[in-house]
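Work through the exercises below with the coordinates open, and try each task before reading its solution.

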Amino acid sequence: MKIKDLSSLEYITPGTGACAGCPSTIGLRIIGKALGKNTIGFLTPSCAVASMGLTPQTCYTFSALNICFASAGASAGGAAMALDALYRKGKLQGEKPVVFNWVGDGGTYDIGFQGLSGSAERNDDYIHFCYNNEAYSNTGNQRSGATPQFALTTTSPMGKEIGQKNMPLLMLEHRPPYVATASLGYPMDLYRKVEKAKNISGFRYIEIHMPCCTSWRFPPADTIRMSKLAVQTGAWLLWEGEYGKLTLNGVTASLAEGRKKPISMEGYLKLQGRFSTMFKSPEKEKHLALIEANIQRELEFMAGRAKL
Amino acid sequence: MSKVFGSGNTACALAVKDADVDFVAAYPITPQTAVAEKIAAYIAEGIMDANYLPVESEHSAASAIAAASAVGARVFTATASQGLLYMHEILHYAAGGRLPMVMANVNRAVNAPWCLYADHQDAVSQRDTGWIHIHTASNQEIYDSILLAFKVTEEVQIPVMVNYDGFLVSHSMMPFETLDENKIKEYLPPFNPSWRLHPQWGGTFGNVTYSEQYVPYRESLTRDVKKAGEVIVRCAKEYQELTGRWHGGYFDVYRLEDASFFLLSMGSMGKEMELAVDLLRKEGIPAAGLRLRVFCPFPKEELSVLLPDGAKLLVFDRNLVYGSAAGVLLQESRAALYERRDDLRITGISVGLGGEDLPAVLLADRARQMIQEVEK
């Protein structure tokens, strides 16, 4: 299947309030084409909510409810389970909608983590999409648990001291039916994963890497370029897993097997204003070496995890 | 109709079973736990057709039933104390979102320090969330009020909290009667929501507003909370016609005839207060009991109507407004009766905190002290 063969269904109408170059809108368009019309989406406070339009207007064509920040796991799980009861009892007829969350890294890694972990352990029946732009971009770029080391945010004004947690792996270790990572730079890989998830029942988690031109400080036209570089450097790993069994995908598999050499991190990070302080630092070389070593270590770790 | 000898928690769980609830999410907390357990057992035994989400927290219990209500399910949860406090954010969200929901709150003291016993601090701390609060005092009243709460919440589209005192009621065995299925269906027809979060209906909900949109939402909520009081009284009367059972409207009143001292309280204390009124009457003190059933919306006018000229209102709060004379009931009463400040005398105390035992002799004694104060 090629990109031009995808459904003409659009989850977003023209007129969204999102920034130019916004990765979340690109991601929503792709997942919508895979999920189809019969869906219910839950959104926690994020750019995806702030940019959707003021009441009673909306730029979204899917049924959606804006919920509280820590609620994603329980609300989607509760709605899916309630729908199951309503269809079983004959109170609703037809095909049961697919329930999904469209939630940022804050609502996934940080404030929503407890609810999501509980939900994964219970194997609630929905797809959680984490659109990971590595910061609280909606509130003006504060650090989150997904912000990488040395990145500037307004709450890590000297550069973040520690790196991000491996959230998708943490979700995989709950042993749910499906966990995957994806990138906007590889849209057909994302599409395939969403389509696959759609046909599985139980808890499904797909995390999409979302280079945010506003918070990361790069030109809006470079969102896809940045997405590809993240994968090609090994900074973002593509993989999928079922019931804890992990498989590396695409470029990431090639990097792990040594069939491809990773592109240098310097080329990727230099394009991002959020690393400007690191590049001006006298310890620049040391910090870059540390970043590259951590990426190599993480790649080896995940390759080893894939062998289990 | 069948007779049951069971605890308050059993009465609550049986009412939820009988109300054809579609979805329950719950997290265990003393003294509510038996409700979460019994409903799970009814579903497992196949005598209740609902789905049950054993969530990892109360915040998630409230989040789950709010979303389930949005897709059009009849929903229930139960909690107590810290659990209710942990739900606080979602309580505001659910009322603002006009999501019909019923919750049982088994009143218990709040931390710190830890205390497991009856206290209304948990519930009164949720006064300003937009929820409707009903306080009950017997296992029969719990059973009947849960059914009533579903009827009310689905009509007014505002969530309802049914309260009963931890251990004193939740764990006390009392005889009570359930209702036949056909009578329940007559009283509480299947939930037919005015909208659903569902692709057949479409739309996105809870979008961002500016103040010009926000204000009308808030105005309609406060107007409808006020109106919900009348709906509660009407639904209670309909229930009385169907079953013969009556626990009161806004108030459960006791020995109003020729009374000039009115002892106002909520929950199980309000039942014990009837014995205190009897003790005072024996001494020739013209006392009456007012057990408040509807805390939110606070029945301002209805309280005033109950009080004749020159009446003395003695308020017993099982909660504290820190740094003030007593609790929330005293403040609400004074605010409600401000126009009659030259006519009435109002005083109050906080008693029974953390489950402190409140026998009738103690309540009568406190009443005498307050009478001395207002008669000065």
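Three exercises on chain B follow, each with a worked solution.

The model is a predicted one, in which local features need pLDDT of at least 70 and side-chain atom pairs count only at pLDDT 80 or more, while totals for chains, interfaces and linings use all residues. Residues are numbered from 1 along each chain as its sequence is written, and chains are lettered from A and ligands numbered from 1 in the order in which they are written.

**Exercise 1. Compare the expected span of helix α13(B) with the distance between its end C-alpha atoms, and then find which side of the helix is buried.**

Step 1. Helices (H or I, at least four residues) and strands (E, at least two) are DSSP runs, numbered from the N terminus. The expected span is 1.5 Å times one less than the number of residues, so the 16 residues of α13(B), 360-375, should span 22 Å, and this agrees with end C-alpha atoms that are 22 Å apart.

Step 2. A residue is called buried if 20 or more other C-beta atoms lie within 10 Å of its own, exposed if 12 or fewer, and partly exposed in between, with C-beta atoms placed from the backbone. By this criterion B:Leu363, B:Ala364, B:Ala367 and B:Met370 are buried. They cover an arc (taken from the directions from the helix axis to the C-beta atoms) of only 125°, which puts them on the same side of α13(B).

Step 3. On the other side of α13(B), B:Val361, B:Gln369 and B:Gln372 are exposed.

**Exercise 2. Describe the burial of β11(B) and identify the strands that pair with β11(B).**

Step 1. Six of the six residues of β11(B) are buried; B:Phe261, B:Leu263 and B:Ser265 point one way, and B:Phe262, B:Leu264 and B:Met266 the other way.

Step 2. Strands pair if DSSP finds at least two bridges between them. β11(B) runs parallel to β14(B), to which four bridges join it, and parallel to β12(B), with six bridges. B:Phe261 stands opposite B:Lys312 in β14(B) and opposite B:Ala287 in β12(B).

Step 3. β11(B), α10(B) and β12(B) make a right-handed β-α-β unit, meaning that, with the strands pointing away from the viewer, the path from the first strand over the helix to the second runs clockwise.

**Exercise 3. Which strands pair with β5(B), and over how many bridges?**

Step 1. β5(B) comprises residues 102-107, and six of its six residues are buried.

Step 2. Four bridges join β4(B) to β5(B) in parallel, with B:Thr77 opposite B:Met103.

Step 3. β7(B) pairs with β5(B) in the parallel sense over six bridges, and B:Asn107 stands opposite B:Asp165 there.
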